[in-house]
Amino acid sequence: MNNKIYFTPGPSELYPTVPQHMQTALEEKIGSISHRSKQFQDIFAHAVAGLRQLLQLPDNYEVLFLASATEIWERAIQNNVKQESFHLVNGSFSDRFFETAQELGRTAQQHKAPFSQGFDVEAIRVPETAELVALIHNETSSGACMPVQDINRFREKASPEALIYVDAVSSLPNPAFDYDKVDAVYFSVQKCFGLPAGLGVWLVNERCIAKAEALAADGQVIGSYHSLPAILSKAKVNQTVETPNVLDIYLLGNVLEDMNSKGVATIREETEAKAAQVYQYLTQSKIFTPAVENPAHRSPTTIVANTTVPASEVNKQLAAFDMAVGSGYGKHKETQIRIANFPAHSPALMEALVAKLQELFG
Ligand SMILES: *Cc1c(COP(=O)(O)O)cnc(C)c1O
């Protein structure tokens with residue numbers, strides 16, 4: 001039996017109701033039902049309706065299920081870019097989307113900010129030829145977060161035809177986006193939704209769909225089974241092209257129902273309060289300091305700290321109390337820790353972590 005609480009930034013602690021939904025799924029034999037059945041269509045529709053409610057998603061957005069956020073990077077470029085994309089890069093995840101565009105033979109341009117920093121949006125010039133502008137709300141590798149009001153400024157910075165994409169993989173449902181100011185938002189379920197990995201969710205508006213159709217009509221290869229029009233034609237009838245991760249879609253619908261009965265406002269208030277508590281501690285700690293200097297750019301959902309005690313040693317000591325935090329990303333593995341502050345981490349759990357860190361390390 002593993003009693004550890006995972007404050008790792010994805011996969012992370014499961015949302016507290018997941019075991020009970022998993023049990024029901026087994027009793028109902030969800031893993032055996034046909035993905036062409038009415039039962040599956042209801043599961044699909046339940047998840048989509050729950051997400052629309054939680055995010056207050058406007059009607060001109062479609063909800064599409066893919067394998068992961070990594071897959072969505074590839075599909076976004078294939079379906080929405082003929083020649084050129086433009087990327088804000090300040091860490092490993094934003095850099096990977098940029099590289100994906102290059103690997104697919106597009107001209108990708110980037111505006112780079114140093115690791116651990118947010119962006120000075122005022123200073124960013126978006127090339128007029130950029131068809132897709134890739135923003136990252138929450139750079140999970142560094143803990144830098146982009147304020148929603150900064151995201152909202154890109155519509156006027158980019159050409160009117162450009163599609164604004166937001167990576168919100170490790171922050172949704174915390175940010176309250178203005179969905180009219182962007183065109184696509186995506187996430188995967190193993191971060192803030194507290195589910196087992198294996199499902200990416202792509203929210204796209206009609207402009208993204210029109211662009212994919214135009215590129216296809218123009219003779220561009222926009223993919224095969226997971227081209228945007230192919231996924232969409234199935235989604236319209238609450239189905240997927242392939243045999244999907246039915247269990248995860250089922251669990252997502254049920255966790256969304258739980259989150260909706262709690263209310264997104266409460267989830268967001270709790271997230272902000274827990275983040276304030278953690279940053280307060282980090283600022284006073286003897287061995288930790290917040291990695292992101294500008295408080296306006298500090299992520300509420302993935303909190304990164306520099307540490308003078310190696311991250312492996314921090315986790316070794318926490319393990320005795322059934323707790324784990326994330327190590328630093330890549331070359332920061334030992335010099336930083338990352339603390340996930342997701343809806344699955346209740347205020348009581350977060351308080352217990354902070355108290356234990358304080359007791360062990362000061
Ligand atoms: C985890 C993560 C991804 C990749 O998600 P996968 O589900 O592993 O494909 C992309 N962007 C950010 C910001 C992430 O944190």
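Let's start in the middle of a sheet: Phe-187 has Val-201 in S10 as its bridge partner. Keep in mind that this is a predicted model.

**Around Phe-187 and strand S9**

Phe-187 sits in strand S9, and its relative accessible area is 0%, so it is buried. Leaving aside residues up to four places away in sequence, Phe-187 touches Leu-51, Ile-72, Ala-168, Val-169, Leu-172, Phe-193, Gly-200 and Val-201. Take Leu-172 from that set: it lies 15 residues from Phe-187 along the chain, and the two C-alpha atoms are 7.2 Å apart.

How is the rest of S9 placed? Five of the five residues in this strand (residues 184-188) are buried, so S9 is largely enclosed by the rest of the structure. In a regular strand, side chains alternate between the two faces of the sheet. Here both faces of S9 are covered, with Ala-184, Tyr-186 and Ser-188 buried on one side and Val-185 and Phe-187 buried on the other.

S9 also has partners to talk about. With S8 (residues 163-167) it pairs in the parallel sense, over three bridges, and Tyr-165 stands opposite Ala-184 of S9. With S10 (residues 200-205), S9 runs antiparallel, and five bridges join the two.

**Two helix pairs**

Two packed helices are described by the angle between their axes and the distance between the axes. Here are two pairs from this model:

| Helix pair | Crossing angle | Axis distance |
|---|---|---|
| H10 (residues 264-284) and H12 (residues 347-361) | roughly 5° | within 10 Å |
| H7 (residues 206-217) and H8 (residues 228-235) | about 125° | 9 Å |

With the axes of H10 and H12 crossing at roughly 5°, H10 is roughly parallel to H12. On the H10 side the contact uses Glu-270, Lys-274, Gln-277, Val-278 and Tyr-281, and on the H12 side Pro-347, Met-350, Glu-351, Val-354, Leu-357 and Gln-358. Sorted by class, that contact of H10 with H12 comes to six nonpolar, two polar and three charged residues.

The other pair packs at about 125°, which makes H7 oblique to H8. Cys-208, Ile-209, Ala-212 and Glu-213 of H7 meet Leu-228, Pro-229 and Leu-232 of H8. By class, this contact of H7 with H8 has six nonpolar residues, one charged residue and no polar ones.

**Helix H1 and its two sides**

Which residues of H1 (residues 18-27) are buried? Val-18, His-21 and Ala-25 are. These residues span an arc of only 65° around the axis, which puts them on the same side of H1. Helix H9 (246-262) is included in what covers the buried residues of H1. Turned away from that buried side is a face of H1 carrying the exposed residues Pro-19, Gln-20, Leu-26 and Glu-27. After H1 comes Lys-29, which has a positive phi, near 55°.

**The five-stranded sheet**

There's also an open sheet of five strands, ordered S1-S13-S14-S12-S11, with mixed pairing. Its edge strands, S1 (5-7) and S11 (288-290), each pair on one side only. On average, neighbouring strands of this sheet are turned by 40° against each other, direction ignored.

At the S1 edge, S1 and S13 (residues 323-327) run parallel and are joined by three bridges; Tyr-6 has Ala-324 in S13 as its bridge partner. Packed on the sheet is helix H11 (residues 311-319), which touches S11, S12 (302-307), S13 and S14 (336-340), and the direction of H11 makes about 170° with that of S13.

Notes
Residues numbered from 1 in each chain as written. Predicted model: local features only at pLDDT ≥ 70, side-chain atom pairs only at ≥ 80, totals over all residues. Heavy atoms only, no water. Axes fitted to C-alpha atoms, helices over the stretch in contact; angles between N-to-C directions. Helix = DSSP H or I, 4+ residues; strand = E, 2+ residues; numbered from the N terminus. Parallel < 35°, antiparallel > 145°, perpendicular 65-115°, else oblique. Contact = heavy atoms within 4.5 Å. Nonpolar A, V, L, I, M, F, W, Y, C, P; charged D, E, K, R; others polar. Buried < 20%, exposed > 50% of the residue type's maximum accessible area, 1.4 Å probe, protein only. Pairing = 2+ DSSP bridges. Arc of directions from axis to C-beta.
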